[in-house]
Amino acid sequence: MVLGVDCGDVIFYTWGGSVPGSLANLREIAASGRFKEIHIVSKAHPITRAIFLARLKALDFWNSTGIPRSNLHFCMRYEDKAAICADLAVTHFVDDRLQVLNTLTTVPNRYALREGGPRAEEAEKYKAAYDAVTRVNSWEELRQLL
């Protein structure tokens, strides 16, 4: 099994600190050996990439989670995550956006991680994804499911 994880608003907030429990639970998931690999797959333009890399470095992400730096993948559009996940044979994916999870047709286990649930406008617009994904409110809840 291969786990894919979004970065912004899943590992750390776009405009603030890390999402509660993200580092500790990713460390536990990685150490469990349940997944052959864990990949970070994030949409980020060149400037955002530099910011995301700096944020991951500041969190000491690679050392604290045990996920290799080489398992970081950036793309330009949300839809591009689907091809990356297919190439990596991702079996489980965590994202905060139903828009993204809707495109991941090759990923059998999709998790919408967002405190308070998916955005209302997305739940309505991506009803098929809303019904097909497992919705979780915290990293602790997600880790227990994985």
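This is a guided tour of a single protein chain, moving from the overall view to a few residues worth selecting.

**The whole chain**

Begin with everything displayed, and keep in mind that the model is predicted. The protein chain contains eight helices and six strands, and from the N terminus onward these elements follow the order β-α-β-α-α-β-α-β-α-β-α-α-β-α. The radius of gyration is 14 Å, close to the 15 Å that the globule rule gives for 146 residues, so the chain is as compact as a globular protein of that length. If you turn the C-alpha trace along its principal axes, the spans are about 40 × 35 × 30 Å.

Now switch on the surface, where the protein chain exposes about 7,200 Å², with carbon and sulfur atoms supplying 52% of that area. Buried residues make up 47% of the 146 residues. Among the contacts with a separation of 6 or more, 60% are accounted for by residues 24 or more positions apart. If you colour by charge, you will find 18 positive and 17 negative side chains, and the centres of these two sets lie 3 Å apart.

**Strands β1 and β2**

Select residues 2–5, which form strand β1. In a regular strand the side chains alternate between the two faces of the sheet. Here V2 and G4 point one way while L3 and V5 point the other way, and all of them are buried.

Next add residues 37–43, strand β2, which runs parallel to β1 and is joined to β1 by four bridges. To see one pairing in detail, pick L3 and look across to I38, its bridge partner in β2. Strand β2 is mostly covered, since five of its seven residues are buried.

**V41, inside β2**

Stay on strand β2 and select V41. Its relative accessible area is 0%, so V41 counts as buried, the cut-off being under 20%. Leaving aside residues up to four places away in sequence, V41 touches V5, D6, C7, H73, K81, I84 and F93. A distance to draw from here runs to A82: the two C-alpha atoms are separated by 9.7 Å, although the residues are 41 apart along the chain.

**K81, in helix α4**

One of the residues that V41 touches is K81, so move there next and show helix α4, residues 80–88, in which K81 lies. Is this lysine buried or exposed? At 1% relative accessibility, K81 counts as buried. When residues up to four places away in sequence are left out, K81 touches D6, V41, S42, K43, C75, F93, D95, V100 and L104. D6 and F93 therefore appear in the contact lists of both V41 and K81.

**Two aspartates in loops**

Finish with two residues whose backbone deserves a look. D9 is found in the loop between β1 and α1, the helix of residues 22–32, and D9 has a positive phi of about 65° although it is not a glycine. With a relative accessible area of 25%, D9 is partly exposed.

Then go to D60, in the loop between α2, residues 46–58, and α3, residues 61–65. D60 also has a positive phi, of about 50°, and is likewise not a glycine. At 40% relative accessibility, D60 counts as partly exposed.

Technical notes: Residues numbered from 1 in each chain as written. Predicted model: local features only at pLDDT ≥ 70, side-chain atom pairs only at ≥ 80, totals over all residues. Heavy atoms only, no water. Rg over C-alpha atoms; globule rule 2.2 N^0.38 Å. Buried < 20%, exposed > 50% of the residue type's maximum accessible area, 1.4 Å probe, protein only. Contact = heavy atoms within 4.5 Å. Areas by Shrake-Rupley, 256 points an atom, 1.4 Å probe, with all protein chains shown as cover. Lys, Arg positive; Asp, Glu negative; His and termini not counted. Charge placed at Lys NZ, Arg CZ, Asp CG, Glu CD. Pairing = 2+ DSSP bridges.
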